[in-house]
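Visitor: I would like a close look at a single part of this protein. Please pick one helix and walk me through its surroundings, step by step.

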Amino acid sequence: NPEVIKEGINGFLINPGDSEALANRIIQLAQNEKLRLTIGHKNQEDARNHYSKEQIFHNLEVIYNHLMKKS
């Protein structure tokens, strides 16, 4: 999903059905520990910043407050 995945930063975008590209990325990750760790850490950071229950509750509060102002 290009809205979530940033190419080479927190993953790789591969066209559906492109098994050769998928295999190449798997090999690249298997052979490159630094890249695996970098991508893993970036995804952990993104999960904390965007998908933690605290962040979700905050986002809902902002939405509800916005909706209450409209009524």
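Guide: Here is a walk around helix α2, starting with the whole chain and then moving in.

This is a predicted model. The protein chain has three helices and zero strands. Along the sequence the pattern reads α-α-α. The radius of gyration is 18 Å, well over the 11 Å that the globule rule gives for 71 residues, so the chain is more spread out than a compact globule. The C-alpha trace spans about 55 × 25 × 15 Å along its principal axes. Buried residues make up 10% of the 71 residues. Contacts between residues 24 or more positions apart account for 31% of those with a separation of 6 or more.

Now to α2 itself. The helix covers residues 33–51. Does its length fit, and what should it be? At 1.5 Å a residue, its 19 residues should span 27 Å. The end C-alpha atoms are 26 Å apart, which agrees.

Start at the N-terminal end. Asn-32 caps α2 there. A side-chain oxygen of Asn-32 lies 3.3 Å from the backbone nitrogen of Lys-34.

Next, look at the sides of the helix. Leu-35, Ile-39 and Asp-46 are buried in α2. They cover an arc of only 30° around the axis, which puts them on the same side of α2. The face turned away from this buried side carries the exposed residues Lys-34 and Arg-48. What covers the buried residues of α2? The cover includes α1.

Take Ile-39 as one of the buried residues. Ile-39 has a relative accessible area of 10%. The cut-off for buried is under 20%, so Ile-39 qualifies. Leaving out residues up to four places away in sequence, Ile-39 touches Ile-9, Asn-10, Gly-11, Phe-12 and Leu-29. Ile-56 is another matter. Ile-39 and Ile-56 are 17 residues apart in sequence and 23 Å apart in space, C-alpha to C-alpha.

One of the residues that Ile-39 touches deserves a stop: Asn-10. Asn-10 lies in the segment before α1. At 4% relative accessibility, Asn-10 counts as buried. Its side chain reaches the backbone oxygen of Val-4 at 3.0 Å. A polar atom of the Asn-10 side chain also lies 2.5 Å from the backbone nitrogen of Lys-6. Not counting residues up to four places away in sequence, Asn-10 touches Val-4, Ile-5, Ile-39, Lys-42, Asn-43 and Asp-46. Two of these names, Lys-42 and Asp-46, lead to the charged residues of α2.

Which residues of α2 form the network of salt bridges? Lys-42, Glu-45 and Asp-46 are linked in it. Take the links one at a time. The side chains of Lys-42 and Asp-46 meet at 3.0 Å, N to O. Both residues lie in α2, four residues apart, about one turn of the helix. Lys-42 also forms a salt bridge with Glu-45, where the closest N and O atoms are 3.9 Å apart. A salt bridge needs N and O within 4 Å, so this pair counts. Lys-42 and Glu-45 are three residues apart in α2, again about one helical turn.

How open are the three members? Lys-42 is partly exposed, with a relative accessible area of 26%. Glu-45 is partly exposed too, at 36%. Asp-46 is buried, at 14%. Asp-46 therefore appears twice in this picture: on the buried side of α2, and in the network of salt bridges.

The structure holds three salt bridges. One of them joins Glu-7 to Arg-25, with the closest N and O atoms 3.1 Å apart. Glu-7 lies in the segment before α1 (19–31) and Arg-25 in helix α1, so the pair ties together parts that are 18 residues apart in sequence. Glu-7 is partly exposed, with a relative accessible area of 38%. Arg-25 is partly exposed as well, at 26%.

To recap the helix: Asn-32 caps its N-terminal end. Leu-35, Ile-39 and Asp-46 are its buried residues. Lys-34 and Arg-48 are exposed on the face turned away from them. Lys-42, Glu-45 and Asp-46 make up the network of salt bridges.

How values were computed:
Residues are numbered from 1 along each chain as its sequence is written. This is a predicted model: local features need pLDDT of at least 70, side-chain atom pairs count only at pLDDT 80 or more; totals for chains, interfaces and linings use all residues. Side-chain values use heavy atoms; hydrogens and water are left out. Helices (H or I, at least four residues) and strands (E, at least two) are DSSP runs, numbered from the N terminus. Buried means under 20% relative accessible area, exposed over 50%, partly exposed in between (1.4 Å probe, protein chains only). Contact means heavy atoms within 4.5 Å. The expected span of a helix is 1.5 Å times one less than its number of residues. The arc is that of the directions from the helix axis to the C-beta atoms. A polar contact is a pair of N or O atoms within 3.5 Å; within protein, one must be able to donate a hydrogen and the other to accept it, and residues adjacent in sequence count only if both atoms are side-chain atoms. The radius of gyration is taken over C-alpha atoms; the globule rule is 2.2 Å times the number of residues to the power 0.38.
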